[in-house]
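Here are a few exercises to work through with the model open. Try each one yourself before reading the solution.

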Amino acid sequence: KFQLFDQELLMATSLNTLIPPTVTTTQIIYEGQLCKKGKINKNWKNRYCCLCVISDGEYVLEYYDSKLSKNLCGTVDFSQVYAVEVISDYDLSLMKQLPENILINTRIKSEKNYSFQISTANRKFIFAAFDPQQFFTWINYLDRYVYGGIIKQGFLQKKGDKNKGWKKRYFVLNEYKQIKYYQDFEKTQFCGAIPLGKVQSLTNGKVYNDEYKFTFQLITDKRVWILCAKNMKQRDAWHAELRRVTGDTLKRSLTPNTKHTIQIGHLHQISKTKHLQNGAFTFNKNNNNNTNNSNNNDDEKKT
């Protein structure tokens, strides 16, 4: 009897070794029922909405046809969100309770109370809560994950992807693995975003001329983002904050043409002994610091 039990235990242990347990990679931050206005058909439909972090570290709002069926109807990528606005054609006394960053849009109307609009580069989404408590809960979460968590911001030069010219842009890095950039210091004109969760490596770039010397590259599957700081100190500061955002998932190696290369990946997947003997990189276990520092701005101001 005990021998049979040992055999079953050994078999179960072997199976667990061969077949790793399934790990859920989506973390739900907040969820609940909202109404959503259609993009083409302007009718309202009930949608079950989930604010969550998906596998590659991106923050998204997913909306489903219902909680039970979980048929995904659409996704709002927070890295592309540049504004959250309340539609204020109803009780304005509630507006005094709004977070500072949430705007009030009086240009559009809504048939429902407790409505708000999420604006992205490609589309505007209109949702409505069912009561004030739910409304303010969603607004505060949106305020936190769209406008909050700023770690570093400042002007950088950006080289175009198709048009290879350089343009000065105001970049904002937050702790939610998002780098958004704007046309000016006031952030009135959203220009785009770099999803840090999809960046495979961060490297120092080449010297183009005396004006564009301190370049660095963010490399993804689809694009190489080329940015330029005004000096080496500023470039190193951006490197440091990018490492801080990604925690201990950065490894550093020296290359002949650049000061250093930072690649995003798991440290346990490389031979630590070999690299340490060659002095290729060092570990900093204190990088995983999520403390916000909205005052970490570059010296440049509005120009």
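**Exercise 1.** Work out how strands β5 and β7 run and how many bridges join them.

*Solution.* Start with the ranges: β5 covers residues 81–87 and β7 covers residues 115–120. Strands here are DSSP E runs of at least two residues, helices are H or I runs of at least four, and both are numbered from the N terminus. Next, the direction: the two strands are antiparallel, with five bridges between them. That makes them a pair, since pairing takes at least two DSSP bridges. For a landmark, find E85, which sits opposite Q117 in β7.

A word on the source: this is a predicted model, so local features need pLDDT of at least 70 and side-chain atom pairs pLDDT 80 or more, while totals for chains, interfaces and linings use all residues. Residues are numbered from 1 along each chain as its sequence is written, and side-chain values use heavy atoms, leaving out hydrogens and water.

**Exercise 2.** Place the strands in their sheet and find which ones are at the edges.

*Solution.* Read across the open sheet of eight strands: β4-β3-β2-β1-β8-β7-β5-β6, with mixed pairing. The edges are β4 (72–77) and β6 (103–105), each pairing on one side only. From one strand to the next, the twist averages 35°. (Axes are lines fitted to C-alpha atoms, for helices over the stretch in contact; angles run from 0 to 180 degrees between N-to-C directions.)

**Exercise 3.** Which strands does helix α2 lie across?

*Solution.* Helix α2 (residues 132–147) lies across β1 (27–37), β2 (44–53), β3 (59–64), β5 and β7; contact means heavy atoms within 4.5 Å. Then check its direction: the helix runs at about 120° to β1.

**Exercise 4.** Find the salt bridge that K37 makes, and say where its partner sits.

*Solution.* A salt bridge puts a side-chain nitrogen of Lys or Arg within 4 Å of a carboxyl oxygen of Asp or Glu. Searching the whole structure turns up three. In one of them, K37 meets E111 at 3.6 Å, N to O. K37 is in strand β1 and E111 in the loop between β6 and β7, so to speak distant parts of the chain, 74 residues apart.

**Exercise 5.** Sort the salt-bridge idea from the general rule: what lets side chains of opposite charge pair?

*Solution.* They can pair when their charged atoms come close. For K37 and E111, the N to O distance to check is 3.6 Å.
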